[in-house]
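Here are some short exercises to work through with the model open beside you. Try each task before you read its solution.

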Amino acid sequence: MADESPLIRSLRAAVAAAPGDVPLRLHFAELLLSEGRNDEAVAEAAVALQHAPGDADARALMMRAMGMPPAPATAPTERATGPTATPAPTESAPEPTGPTGPTGPTELTGPTGPAERPEPAVGKAPAFDWDAAEQQVQDVVGPRFLEDPQAAEGGGAAGDADAWDVDAPGAVRLADVGGMDEVKERLEAAFLAPMRNPELRRLYGKSLRGGLLLYGPPGCGKTFIARAVAGELGANFLTVSLSDVLDMWIGASEKNIHDIFETARRQAPCVVFLDELDALGAKRSRTHHSGLRNVVNQLLTELDGIASGAGNEGVFVLAATNVPWDVDIALRRPGRLDRTLLVLPPDATAREAILRYHLRERPIEAVDLGKLVKVTEDFSGADLAHVCESAAEAALLDSARSGSVRLITTKDLLGAAKQIKPSTEPWFAAARNVAMFANEGGLYDDLLAHLKRKRKL
């Protein structure tokens, strides 16, 4: 604001830079309160309570800013039962008198010692109930500033950065990915070669940070490739999807993004895999909900490593999407997800490896994989798994009807492949228009080259 003092402006900027620093925020709120900005002080105290539920200083400051009386310093039970405590005088509860008058003892005694205080006579006001008064104050403050119930119970992801599940380095390697030699070469240049050769990396000034966007038809192994990269690097693996990030509480989604990257930085080397990036990082120009736009903004900040003094050294970001044209363009600028890799349907070598994998534990007889590979061109990995499943169902049904076990044959597999249409065809039909008419900057040159080879232009 124009009328703010330099001190307030400085503190406001400091609080914005460190939103989780509760003492700093309370100091800022105290300053606002001293200048008569009670509403702003209440808002800052409420945010402090979101970060530190039950903080006594934040609650007391909020009550002062709201013009409410401060809570008692000691518990009501100690005040009532202490050895030297006496009831506080109130207008509705006059001080009781003893046998010697108003200044005499306030405790009635019996023949053998102190006696119980008699019940108040009918028509007299009862003593002040401190328990009820504190409950009334809590009821006033509580409903006004709601807290995330999961965070209050300690089970919410937004309340604990260590709540994110990080997989240890797995046994999957790029050698387990059949075929896809071009994909492997790009991954070798982007991530693997600098990691294996630290002296060359320092010589050429190659940083151990980077981002790679995998795109292509669904079911072609983008997630499997990301896990294989983590296995090659010997790095931890952290998967992030839209459901892991979005939260109904304002500001919690952005905090989830920050916690994810903080976890990855602590456990570096770590591969952060952003699944379905088109949902997590959709174009802000097409997003009408401010919460989703804020998520994209926070994701951009974390990719740059601005929020962390150490940056993203040792954090490798891989993302996957079926519709890269729906991803916000700022996510794809140099320094973020600047490298794009097209993951096409598996080639002949990969199809054979995938078919062997899905038939390895099924009863088969004289299966000609060569014939099956030829008739499954443009099939995705998920399509090939479906072919094996359908052939097994046909053999199982025949065995159930005849009463004798029949093995899966080439005929069963070819029949299943004939009935199943490649799921990649609709994707290429939509991608063709984008590659032809929206290929600004050559983003989809590799897709255009593939379509020309397949004569689909």
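Three exercises with worked solutions follow.

This is a predicted model, in which local features need pLDDT of at least 70, side-chain atom pairs count only at pLDDT 80 or more, and totals for chains, interfaces and linings use all residues. Residues are numbered from 1 along each chain as its sequence is written, and side-chain values use heavy atoms, with hydrogens and water left out.

**Exercise 1.** Compare the reach of helix α2 with its expected span.

*Solution.* Helices here are DSSP runs (H or I, at least four residues), numbered from the N terminus. The expected span is 1.5 Å times one less than the number of residues. Helix α2 (residues 22-34) has 13 residues, and its 18 Å from first to last C-alpha is close to the 18 Å expected.

**Exercise 2.** Find what lies at the start of α2, what follows the helix, and what its buried residues pack against.

*Solution.* Begin at the start, where a side-chain oxygen of D21 comes within 3.3 Å of the backbone nitrogen of L24. Next, G36 follows α2 and has a positive phi, near 85°. Now list the buried residues (under 20% relative accessible area, 1.4 Å probe, protein chains only): V22, R25, L26, F28, A29, L31, L32 and L33. They pack against α1 (6-17), α3 (38-51) and α4 (56-65).

**Exercise 3.** Which residues does I225 touch, leaving out those up to four places away in sequence?

*Solution.* Take contact as heavy atoms within 4.5 Å. With that sequence filter, I225 touches V177, M180, V183, L187, L214 and V343.

Key:
Helix = DSSP H or I, 4+ residues; strand = E, 2+ residues; numbered from the N terminus. Buried < 20%, exposed > 50% of the residue type's maximum accessible area, 1.4 Å probe, protein only. Polar contact = N/O pair within 3.5 Å; in protein donor to acceptor, adjacent residues only side chain to side chain.
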